[in-house]
Amino acid sequence: MNLKGLFQRIRDGFRKPESLSDEVVQGFVRELEKARIEDVSCDEVFKQLDEYVEKEVRDGDAARIMPLLREHLDICSDCCDEYEALLDVLEQTAKEK
Ligand SMILES: [Zn+2]
């Protein structure tokens, strides 16, 4: 269920508290946690992705330096695909040198 649907159910829940199950509340909390991570937008990730991949290939500690980006890659398959593609390219380039 998306965040909007959850808000709707929470609102209904105030009118009819018995309809506000634990499950709904927990789902709401989960969505909020996800939304926090998604504070880093895909655009932001794309902008910093080459830097991230470069750090990863060179030093292997990109996740420590840019943890928000790492978190985003874990939950966002679009950015993760992009990340893996870039990683491939960079590793190929590194081998050719
Ligand atoms: Zn993304």
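1. A definition to begin with: contact here means heavy atoms within 4.5 Å. With that in hand, please keep in mind that what you have above is a predicted model. By this contact criterion, helix H3 meets helix H6 through Cys42, Val45, Phe46, Leu49, Asp50, Tyr52, Val53, Glu54, Glu56 and Val57 on the H3 side. The H6 side answers with Cys79, Glu82, Tyr83, Leu86, Leu87, Leu90 and Glu91. Sorted by class, the residues of this contact are 12 nonpolar, no polar and five charged.

2. Now a step back to the whole chain. The protein chain has six helices and zero strands, so to speak a plain α-α-α-α-α-α order from the N terminus on. Of its 97 residues, 26% are buried. Among contacts with a separation of 6 or more, 53% join residues 24 or more positions apart.

3. On to the core. The largest nonpolar core holds 13 residues, and those touching the most other members are Val45, Leu49, Tyr52, Leu69, Leu73 and Tyr83. Two or more residues each come from helix H3 (42-58), helix H5 (67-75) and helix H6 (77-96). H3 supplies the largest share, four residues.

4. Leucine 49 deserves a look of its own. Apart from its neighbours within four places in sequence, leucine 49 is in contact with Leu69, Leu73, Cys79, Glu82, Tyr83 and Leu86. Leu69 and Leu73 are also on the H5 side of the contact between H3 and H5, while Cys79, Glu82, Tyr83 and Leu86 are listed on the H6 side of the contact between H3 and H6.

5. How do H3 and H5 cross? Their axes come within 10 Å and cross at roughly 115°, which makes H3 roughly perpendicular to H5. The crossing of H3 past H5 is left-handed. In H3, the residues involved are Cys42, Val45, Gln48, Leu49 and Tyr52, and they meet Leu69, Arg70, His72 and Leu73 in H5. The class count for this contact is six nonpolar, two polar and one charged.

6. H5 and H6 are the next pair. The axes of H5 and H6 come within 6 Å and cross at roughly 110°, so H5 is roughly perpendicular to H6. Arg70, His72, Leu73 and Ile75 in H5 meet Ser77, Cys79, Cys80 and Tyr83 in H6. Five of these residues are nonpolar, two are polar and one is charged. Arg70, His72 and Leu73 also appear on the H5 side of the contact with H3.

7. Back to H3 and H6, this time for geometry. These two helices pack at an angle of about 35°, with their axes 10 Å apart. H3 passes H6 in a right-handed crossing. When you turn the model, it may help to view this pair alongside the left-handed crossing of H3 past H5.

8. Is glutamate 82 buried, partly exposed or exposed? At 35% relative accessibility, it counts as partly exposed. Glutamate 82 lies in helix H6 and touches Phe46 and Leu49, not counting residues up to four places away in sequence. The C-alpha atoms of glutamate 82 and aspartate 50 are separated by 10.0 Å, with their positions 32 residues apart along the chain.

9. Glutamate 56 is another charged residue to check, and it lies in helix H3. Its relative accessibility of 24% makes glutamate 56 partly exposed. Leaving aside neighbours within four places in sequence, glutamate 56 is in contact with Ala62, Ala63, Tyr83 and Leu87. For one of these partners, leucine 87, the C-alpha to C-alpha distance is 8.4 Å, although the two are 31 residues apart in sequence.

10. Which residues does leucine 90 contact, leaving aside its neighbours within four places in sequence? They are Val53, Glu54 and Val57. Leucine 90 lies in helix H6 and, at 24% relative accessibility, counts as partly exposed. Leucine 90 and glutamate 54 are 36 residues apart in sequence and 7.5 Å apart in space, C-alpha to C-alpha.

Methods. Residues are numbered from 1 along each chain as its sequence is written. This is a predicted model: local features need pLDDT of at least 70, side-chain atom pairs count only at pLDDT 80 or more; totals for chains, interfaces and linings use all residues. Side-chain values use heavy atoms; hydrogens and water are left out. A nonpolar core is a set of buried Ala, Val, Leu, Ile, Met, Phe, Trp, Tyr and Cys residues joined through side-chain atoms within 4.5 Å. Buried means under 20% relative accessible area, exposed over 50%, partly exposed in between (1.4 Å probe, protein chains only). Axes are lines fitted to C-alpha atoms, for helices over the stretch in contact, and angles run from 0 to 180 degrees between N-to-C directions. Angles under 35 degrees count as roughly parallel, over 145 as roughly antiparallel, 65 to 115 as roughly perpendicular and the rest as oblique. A crossing is left-handed if the near helix is turned anticlockwise from the far one by less than a right angle, and right-handed if clockwise. Ala, Val, Leu, Ile, Met, Phe, Trp, Tyr, Cys and Pro count as nonpolar, Asp, Glu, Lys and Arg as charged, and the others, Gly among them, as polar.
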